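Reader: I would like a close look at one part of this predicted model, namely a charged pair and its surroundings, followed outward to the other side-chain contacts and the enclosed spaces. Please take it step by step, in connected prose.

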Amino acid sequence: MFRVRPLLPRIRSHLQTTLKLQADTSQSEPESVCRNLRLLHNGCRSRRVSNQKFRTMATGGEASKEVSGEEPAKQGNRLVASKSPYLLQHAYNPVDWYPWGEEAFEKARSENKIIFLSVGYSTCHWCHVMEHESFESPETAAIMNEKFVNIKVDREERPDIDKIYMQFLLMSKGSGGWPMSVWLTPTLAPLVAGTYFPPKSRYGMPSFNAVLKSIAKKWETDKESLLTAGSTLLNALQKNQDASAVAEAAFGVGSAIEKLSEAINVHKQRFDQTHGGFGSEPKFPEVPRINFLFHAYLVTKDADVLDMVIETLTQIGKGGINDHIFGGFARYATTEDWHNVHFEKMLYDQGQLMAAFANAYKVTRDETFLGYGDKIYKYLLKDLRHPLGGFYAGEDADSLPTHEDKVKVEGAFYAWTWDEIQAAFKDQAQRLDDITPERAFEIYAYHYDLKPPGNVPAYSDPHGHLTGKNILIVRGSEEDTIANFSLEADKFKNLLATTNDILHVVREQRPRPHLDTKIICAWNGLVLSGLCKLGNCYSANRDQYMQTAKELLDFLRKEMYDPEQKLLIRSCYGVAVGDETLEKNESQIDGFLDDYAFLIKGLLDYYKATLDVDVLHWAKALQDTQDKLFWDERNGAYFFSQQDAPNVIVRLKEDHDGAEPCGNSVSARNLVLLAHYYDENAYLQKAGKLLNFFADVSPFGHALPEMLSALLMHENGLDLVAVVGPDSPDTQRFVEICRKFYIPSMIIVHVDPSNPEEASNQRLQTKFKMVGGKTTVYICHERACRMPVTDPQQLEDNLMAYFFSKRD
């Protein structure tokens, strides 16, 4: 997940001989444990309080019970003053929790106690499990309070802290996840790390209480060995922070194509020919990988590459990972066929998948992909949007089965019994026109693979929460269902829309999952990109998408940007759905690398969708701030956190594109685009230095698919579309034609002869002229331009010939 330079083998060797305590605890690697459970180590979720009027921010644990009136309130700990939904979930634990900060560190130093650091997020299932089993236990809390200084961190609020100690966990265990449990010295050096610990020994893991007592005893009786191990790892991490690029690995002429060929071969080897996606279960959407494959296809014209990405998006769209009722996508699937899932919905997935489905539509003109993207949009607008325009972090998987229940289970809000659906159709028979409820149900059950005993395999449901339940999945296709029941296509589509809406109404009456009302700058940048890419498909809903994008842009500029300091703010907090109240941390958390990189990307996409030059200027200003705060002048590339950030023991450079692309990958792309928009070679030089810093990562295009796209752009150049003419309908028509095609290396520049001072690139203002008084388009590659075009149809034909793929 993070860059570990040549020190790693030496570190691991030392760990094997010095960190005896970890062996003593006999904890299996979290990933192995969760594989046994058919659950991924980082498949985490959360809670939410609800009533008929609105959904509030859950305060978890005892706080949830207090709000709902289930139990009398208990005394809160220091987390009650937090804004983070995750910290508030633990505010009424008997554990004496501290937020990350000097008060906790001073207590640890003055009392010479180990710090127990627990990191998670509010929509994390296993975080809730460990809270209920251990952190709500007075017995466990007594041990923790006596022997340790206990700190809670929201990984989404403080990703810098999470990434540092996750690096330690990965180095010492080989895998990681949340909840992350790390024991630190009073000076914040990591000693021992794990993830979830059960209350009693099981799954090959020791009990949490046993681990606590063992570590406390070790600190009391053999402190020096712990300190030695901790300092060794800390020193290694700090040396790694100063690692330089590997000179012999630097990219040269032709390197991009070599890396492209290598990456395509790796992806072909890992591609699941039956179900789409890469590797076996569990399966994530991995949108950075999907984006790269689209780009790879355009460069190589390898039809197999396009088939891989289209098949993957098709299977994701048909699978249980897609919420066919509400829209939006779950975080990942636990089965290789995308059927059973962990149901939490994260904002970053929605933003990226909107963009991916838009790209799929542009390449194929298949309306199905546009439909998936539009349903994500509608879900975001209805369930994740703050009234002022920002978007919340995500929704939990766990919820109460009924309003009378007191225990939340996974999937209660999303899954269906056979009888529930059948009864709903009978109850709303009048909405089915001339089709009987029985016939409608027969068609619906066939299309979504419903079974009377449920369709979830027992092996993928270890807790039995989905026994007797169905998760909607399309095993065949609309065409298959239409043929099987001799239906007219339009009639079937209308029936599907009606029946899904019937179930939509039924589900709305269920207790809602927890909503994390944290608004994260970086993730909203991804949504801004997704909205703009959907808008550029020019469907009937373009105006809605772009209006939402504009309101989001205004929100980010007003609420998540400090214009005086020219700094982004990491997060702010809503209170409830439909409530305009907006809260901010008393002590501001400045933006991290991803906040800048992802928002700059969103602004560049917004500019392409609108040609609003003010937005382009803001992107440049943010890039200059990013360079000042995070750039490594000596070695190149960007650190994740700012220099001299308090209580951050090491600065890391992320080198892996996962569920989200890493900030360095996105920054490489941003720099290349800005270099061409502003005709500034310094940006290109910086991009080159960044890329060379990661050149020794292997296999490069598999670990960093998004960065490989940037490398292709950097080495092979961009496609400039210069539209010369006044701001008129004719000019807009040319621009619209260009936007409708998937061209990742394309930048669009409007050269308006009547307003030359508004241009970002003055060279282009003087180079390109109108022909015959008509709006004229020049398509250029690295300053070599084709003949100018004044006919819109000719422009569309030219672009269609190269950038559109008609698939059988």
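Author: Glu551 has a relative accessible area of 28%, so this residue counts as partly exposed, lying between the 20% and 50% limits. Its partner in a salt bridge is Arg385, with the closest N and O atoms 2.3 Å apart in this predicted model. Because Glu551 belongs to helix H22 (residues 542-559) while Arg385 sits in the loop between helix H16 (367-383) and strand S9 (394-395), the pair ties together parts that are 166 residues apart in sequence. Arg385, unlike its partner, is buried, because its relative accessible area of 18% falls under the 20% limit.

A network of salt bridges links Lys382, Asp383, Glu395, Glu508 and Arg512. In general, side chains of opposite charge can pair when their charged atoms come close. For the whole structure, the count of salt bridges comes to 49.

Another of these bridges joins Lys163 to Glu654, where the closest N and O atoms are 3.6 Å apart. Here, too, distant parts of the chain are linked, since Lys163 is in helix H9 (residues 159-173) and Glu654 is in the loop between helix H24 (613-630) and helix H25 (663-678), 491 residues apart. Lys163 has a relative accessible area of 11% and is therefore buried, and Glu654, at 11% relative accessibility, also counts as buried.

A further salt bridge is formed by Asp323 and Lys345, with 2.7 Å between the closest N and O atoms. Asp323 is placed in the loop between helix H14 (303-318) and strand S6 (332-333), whereas Lys345 is in strand S8 (residues 345-346), and the two are 22 residues apart. Both Asp323 and Lys345 are buried.

Asp323 returns in the lining of the second largest cavity, which holds about 130 Å³ of space. This cavity is lined by 17 residues, and those closest to its centre are Gly320, Asn322, Asp323, Tyr414 and Arg507. By class, its lining has 10 nonpolar, 4 polar and 3 charged residues.

In all, a search of the whole structure finds 10 cavities of 30 Å³ or more. The largest cavity contains about 420 Å³ of space. Of its 27 lining residues, Asn291, Asn359, Lys533, Lys601 and Arg669 are the closest to its centre. Two or more residues of this lining come from each of helix H13 (287-300), helix H15 (347-364), helix H21 (521-535), helix H23 (593-610) and helix H28 (705-716), and H15 gives the most, with 5 residues. The lining of the largest cavity divides into 11 nonpolar, 8 polar and 8 charged residues.

Helix H16, which precedes the loop that holds Arg385, also takes part in an open space, for H16 gives the most to the lining of the second largest pocket, with 8 residues. That pocket has a volume of about 1,200 Å³. There are 41 residues in its lining, of which Thr368, Gly371, Tyr372, Glu478 and Lys493 lie nearest the centre of the pocket. Along with H16, the elements that give two or more residues to this lining are H14, helix H19 (478-484) and helix H20 (489-508). By class, the lining of the second largest pocket divides into 11 nonpolar, 18 polar and 12 charged residues.

Aromatic contacts can be followed in the same manner, and the count comes to 37 aromatic pairs. One of them joins Trp183 and Phe208, whose ring centres are 6.5 Å apart and whose planes meet at 40°, so the pair is tilted. Trp183 lies in strand S4 (residues 180-184) and Phe208 in helix H10 (residues 208-221), so this contact ties together parts that are 25 residues apart in sequence. Both Trp183 and Phe208 are buried. A second example is the pair Tyr444 and Tyr448, which is tilted because the planes stand at 55°, with the ring centres 4.7 Å apart. Tyr444 and Tyr448 are both buried as well.

Trp183 and Phe208 also belong to a cluster linked by ring pairs, together with Trp97, Phe116, Phe135 and Phe197. Charge meets ring at Trp97, where Lys152 lies over the face of the ring at 5.1 Å from its centre. Lys653 is likewise placed over the face of Phe693, at 3.9 Å from the ring centre.

Notes
Residues numbered from 1 in each chain as written. Predicted model: local features only at pLDDT ≥ 70, side-chain atom pairs only at ≥ 80, totals over all residues. Heavy atoms only, no water. Salt bridge = Lys/Arg side-chain N within 4 Å of Asp/Glu carboxyl O. Helix = DSSP H or I, 4+ residues; strand = E, 2+ residues; numbered from the N terminus. Buried < 20%, exposed > 50% of the residue type's maximum accessible area, 1.4 Å probe, protein only. Phe/Tyr/Trp six-rings, centres within 6.5 Å; stacked < 30°, edge-to-face > 60°. Lys NZ or Arg CZ within 6 Å of the ring centre and 35° of its normal. 1 Å grid on protein atoms, 1.4 Å probe; cavity = no way out; pocket = protein on both sides within 12 Å on 5 of 7 lines; lining within 4 Å. Points joined across faces, edges and corners; volume = space filled by probe spheres on them. Nonpolar A, V, L, I, M, F, W, Y, C, P; charged D, E, K, R; others polar.
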